[in-house]
Amino acid sequence: MTTGENLATLLPSAARSQFRAGLRRPTSGYSAGYAQANLLALPREQAFDMLLFAQRNPKSCPVLGVLEPGQLSSTLLGGGDIRTDIAAYRVYRDGELVDEPSDVVEYWRDDLVAFLIGCSFTFEAPLVEAGIPIQHQLQGVNVPMYRTAVRCESAGSLSGPMVVSMRPLPPERISDAVRITSRYPGVHGAPVHIGDPRQLGISDLQAPDFGDAVEVPAGWLPVFWACGVTPQAAVMESRPELAISHAPGHMLITDLPNASLQVP
């Protein structure tokens, strides 16, 4: 069995080959030092709306790259295939989830535009290096993600709520976590909220909308980051004819070094 340490040292191309072969598991802790990405693919007719949605909501939707219609690979996944190289996918028709396959070859169309959006898993390695505990890794579950009452700015046919990921932290390490993650604006940057989840419209931390619940140790505070599942929430609300995404927590591991996303 691959250990957490081995996952962290696995090269992105090797990780993608495992997923291409059918491995299905959350990617938190994989390939330390390389960026992970969310996927949302939409028909060409909705592509401008998605680009505008991302531009208007950069905290939730920091774009790392865009694959044009018919394009299946890029420098972000050298030698790879966007239809097969993610740990798990979701397929939506008219806003309804219809499948969660291991690859989307049978669903892919030549008119799909694939957006690769920054993921907060990217900055987990620097947090771990600083001695900041990541509870979903320690508890062996997927990160919890929640729809909020905060509305994104709409763009054309797309509208929806902001989704956030949550990591509980000891109060004395929160300022360190803010400082570290603020240096990675391309993968959501600093937290959007610390403390009372009710201020975001989240009524129960043990009932996430995506991912798994984590135990919050006594005295620790929930810390919330904008999340790249936000476009999926927009798909559910806006109901385009077809949308293909990653399954939440099951990301594309890219060849993009973390260091290239770090700002001083």
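**Figure 1. A247, a buried residue in a loop of the predicted model.** At 4% relative accessibility, A247 counts as buried, because buried means under 20% relative accessible area. The model shown here and in the other views is predicted. A247 belongs to the loop that links strand 10 to strand 11 (252-257). Leaving aside residues up to four places away in sequence, A247 is in contact with A88, Y89, R90 and E100. Another residue to locate in this view is S102, which lies 145 residues from A247 along the chain. The C-alpha atoms of A247 and S102 are nevertheless separated by 9.5 Å.

**Figure 2. The chain as a whole.** Seven helices and eleven strands make up the secondary structure of the chain. The radius of gyration is 17 Å, close to the 18 Å that the globule rule gives for 264 residues, so the chain is as compact as a globular protein of that length. Along the principal axes, the C-alpha atoms fill a box of roughly 50 × 40 × 35 Å. Of the 264 residues, 55% are buried. When contacts between residues at least 6 apart in sequence are considered, 78% of them join residues at least 24 apart. The area exposed by the chain is about 10500 Å², and carbon and sulfur atoms supply 50% of that area. The chain carries 19 positive and 27 negative charges, and the mean positions of these two groups are 3 Å apart.

**Figure 3. Helix 3 and the elements that cover its buried residues.** Helix 3 comprises residues 44-56. At 1.5 Å a residue, its 13 residues should span 18 Å, and the end C-alpha atoms are 19 Å apart, which agrees. The buried residues in this helix are Q46, A47, D49, M50, F53 and A54. Their cover includes strand 1 (34-43), strand 2 (63-67), strand 5 (112-118) and helix 7 (230-238).

**Figure 4. H188 and R239, two loop residues with positive phi.** Phi of H188 is near 90°, a positive value in a residue other than glycine. H188 sits in the loop between helix 6 (171-181) and strand 8 (193-194). With a relative accessibility of 1%, H188 counts as buried. For R239, phi is near 60°, again a positive value in a residue other than glycine. The loop that holds R239 runs between helix 7 and strand 10 (243-246). R239 has a relative accessible area of 42% and is therefore partly exposed.

**Figure 5. N258, in the segment after strand 11.** N258 is placed in the segment that follows strand 11. Its relative accessibility is 6%, so N258 counts as buried. Beyond residues up to four places away in sequence, N258 touches G33, Y34, A35, T122, P126 and Y184.

**Figure 6. S154, a partly exposed loop residue.** The loop between strand 6 (145-151) and strand 7 (161-169) contains S154. A relative accessible area of 36% makes S154 partly exposed. Apart from residues up to four places away in sequence, S154 touches R56 and S159. R109 is 45 residues from S154 along the chain, and the C-alpha atoms of S154 and R109 are separated by 26 Å.

Notes: Residues numbered from 1 in each chain as written. Predicted model: local features only at pLDDT ≥ 70, side-chain atom pairs only at ≥ 80, totals over all residues. Heavy atoms only, no water. Helix = DSSP H or I, 4+ residues; strand = E, 2+ residues; numbered from the N terminus. Rg over C-alpha atoms; globule rule 2.2 N^0.38 Å. Buried < 20%, exposed > 50% of the residue type's maximum accessible area, 1.4 Å probe, protein only. Contact = heavy atoms within 4.5 Å. Areas by Shrake-Rupley, 256 points an atom, 1.4 Å probe, with all protein chains shown as cover. Lys, Arg positive; Asp, Glu negative; His and termini not counted. Charge placed at Lys NZ, Arg CZ, Asp CG, Glu CD. Expected span 1.5 Å × (residues − 1).
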